[in-house]
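Got the viewer open? Here is a short tour, one selection at a time.

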Amino acid sequence: MSSIPQPVQFGEAADQISRSQPAGPCVLVIFGVLGDLAKRLLFPALWNLARERLLPEQFAVVGFGRGDLSQQQFREQIRANLQDADGRRAGGAAEAEWLLSRLSFVQSDFTDADGYQRLAAALREVDQNRATGGNYLFYLATAPEFFLEVTERLGRADLLRQTEGRSRRVVVEKPFGRDLASARQLNRDLLRVAAEEQIYRIDHYLGKETVLNILVLRFANGIFEPVWNRRYIDHVQITVAETLGVEARGGYYDHTGALRDMVPSHLMQVLALTAMEPPSSFSADAVRNEQVKVLHAIPPLGARECGICAVRAQYTGGEVEGVRLRGYREEERVAPGSETETYAAMKLAVDNWRWAGVPFYLRTGKRLAARNTEVVIQFRHAPLTLFRAASVELPSANRLRVRIQPEESISLLFAAKAPGPRVTVRPVEMRFCYRDYFGQAGQTGYETLLYDAMNGDASLFKRGDMIEAGWSVVTPVLEAWESPLSPLCFYPAGSEGPEASNELLKRDGYQWMPLK
Ligand SMILES: NC(=O)c1ccc[n+]([C@@H]2O[C@H](COP(=O)([O-])OP(=O)(O)OC[C@H]3O[C@@H](n4cnc5c(N)ncnc54)[C@H](OP(=O)(O)O)[C@@H]3O)[C@@H](O)[C@H]2O)c1
């Protein structure tokens, strides 16, 4: 009789650690602890981890920020944040208190050397009280201009030196650079202060279950991988669509735009997981090596190709369900004549044996008709001569749709005969929804990443060369778009996007999947 298969663990540390065990002892130090990321995502994620019993007894959080708060006021503020947190689950009051009892605050500016001395003293005290063993995870929930400064100051305060049995890691948020040159420079600068193995470049999309499930879908099932190539796949669509506008982030966004904000990070990551070759193991480097290889196989668009294969657009005013929405140029802290794109679409190739000739269409935008992040794998048509003779409506080609947001699901479209005496072929959908099947409670996407970083498992974090490979694809487009000759298209808020983006696919005989 065959034995029951054991669950497979993802990541380098899988041999030693199972994701059902608490993380190893450590102190999490959050820089920018009073900011939006910490409030909406990091603390709720820690709370979720506490509820899942995935935080160890030897654990503490030290917040670093410039708010004028006593220890008690700091804890009260975090308690209030937890109560407001989006997607919070019922119950968990005891775990919230458990977490709050492990919090302390160091009040300092990021640029104040003395603050790092006080941090070092606070860490020594926590090590004594909580037996955290000198293991520190520094989370830079700061604006990007502080990534290097804080890391350098940590180095100068001797907080990054790893000795045997003591881990010192730095989690760096996105955006990592503004283009290829600045990303390279930041990598070089960080590597002067910390080793690559100490740097955890985060992309929170990688903590989403369905993003990881792309790997499991492809490599843990016998039926998909044989057809996952140019012989059977016609084209691929990757969408990250938001209904939100720029909200309070107009000042940041106007200097960034949709391409920089989303493509080198989230879209390239999803593309890499969709198109990469099977890694030789699930160790961090084996997986990341394959991701880099596939990103390197994308030929950068030349200046002329950018005019044909890339679309930039901005939303104008519109109306959704009777509510009038402002145009981008009317948003707060956006220049009235701004040329910044809030929508970007492009057609890319992956020039390797598996994907030659298969177009990858990418689009991302704000103020679109629906919130929708997904990968659509469009398979080739079956030979339909039989049905042509029967003069029935031709069925659609098979389509696999991996949804990442808002709900996490996977569906397969195929043809079925509709009941009745006549041969009528209809497309039908087979659908797996994560929540229905596993009853998964609301997660922020940061739980897995925090847990892995505490355990030193870097599989879901970006290596420096991955970041640079993503920017290599995007930078030529950014440069082409800087030309005054590069057209900016427009689309009404609440719509499916600009017509030029539809044209991009129509020219090849395709159309985007509707967002709704
Ligand atoms: N928020 C999100 O949903 C999200 C998602 C993904 C990635 N990120 C990334 O996460 C990082 C943080 O974003 P955020 O939205 O949390 O930003 P934020 O709300 O502006 O928070 C930044 C925090 O840093 C503090 N700060 C700024 N300058 C400081 C200084 N010189 N010394 C000490 N503290 C200082 C701010 O304090 P004051 O309040 O006193 O100014 C604030 O508490 C960014 O890199 C962002 O791109 C954010």
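Which domains does the domain assignment give for the protein chain? Colour residues 12-173 as domain 1 and residues 206-506 as domain 2. Keep in mind that this is a predicted model. If you place a centre in each domain using the C-alpha atoms, domain 1 and domain 2 sit 33 Å apart, centre to centre.

**Stop 1: the ligand**

Select the ligand and bring up the 19 residues around it. Gly 32, Gly 35, Asp 36, Leu 37 and Phe 110 are the ones that come nearest. Now highlight helix α1, residues 36-51: with three residues, α1 gives the most to this shell. Colour the shell by class and you should find seven nonpolar, six polar and six charged residues.

**Stop 2: α5 and α6**

Next, select helix α5 (residues 147-156) together with helix α6 (residues 180-193). Their axes lie 9 Å apart, at an angle of about 10 degrees. An angle under 35 degrees counts as roughly parallel, so α5 and α6 are roughly parallel to each other. Show side chains for Phe 147, Leu 148, Thr 151, Glu 152 and Gly 155 on the α5 side, then Leu 186, Asp 189, Leu 190 and Val 193 on the α6 side, and you have the contact. Its residues split into five nonpolar, two polar and two charged.

**Stop 3: α6 and α15**

Keep α6 and add α15. The axes of α6 and α15 come within 8 Å and cross at roughly 165 degrees, which means α6 is roughly antiparallel to α15. The crossing of these two is left-handed. From α6, pick Leu 180, Ala 183, Arg 184 and Asn 187; from α15, pick Gly 464, Ile 467, Glu 468, Trp 471, Ser 472 and Thr 475. By class, this contact has four nonpolar, four polar and two charged residues.

**Stop 4: α15 and α9**

Hide α6, leave α15 (residues 464-481) on, and add helix α9 (residues 257-275). Here the axes come within 9 Å and cross at roughly 150 degrees, so α9 is roughly antiparallel to α15. This crossing is right-handed. Which residues of α9 and α15 meet? Leu 259, Arg 260, Val 263, Pro 264, Ser 265 and Met 268 come from α9, and Gly 470, Trp 471, Val 473, Val 474, Val 477 and Leu 478 from α15. Nine residues of this contact are nonpolar, two are polar and one is charged.

Before you close the session, centre on Trp 471: this residue of α15 takes part in the contact with α6 and also in the one with α9.

Terms used:
Residues numbered from 1 in each chain as written. Predicted model: local features only at pLDDT ≥ 70, side-chain atom pairs only at ≥ 80, totals over all residues. Axes fitted to C-alpha atoms, helices over the stretch in contact; angles between N-to-C directions. Helix = DSSP H or I, 4+ residues; strand = E, 2+ residues; numbered from the N terminus. Parallel < 35°, antiparallel > 145°, perpendicular 65-115°, else oblique. Left-handed = near helix turned anticlockwise from the far one by under 90°. Contact = placed C-beta atoms within 7 Å. Nonpolar A, V, L, I, M, F, W, Y, C, P; charged D, E, K, R; others polar. Near = placed C-beta within 6 Å. Domains from an automatic or database assignment.
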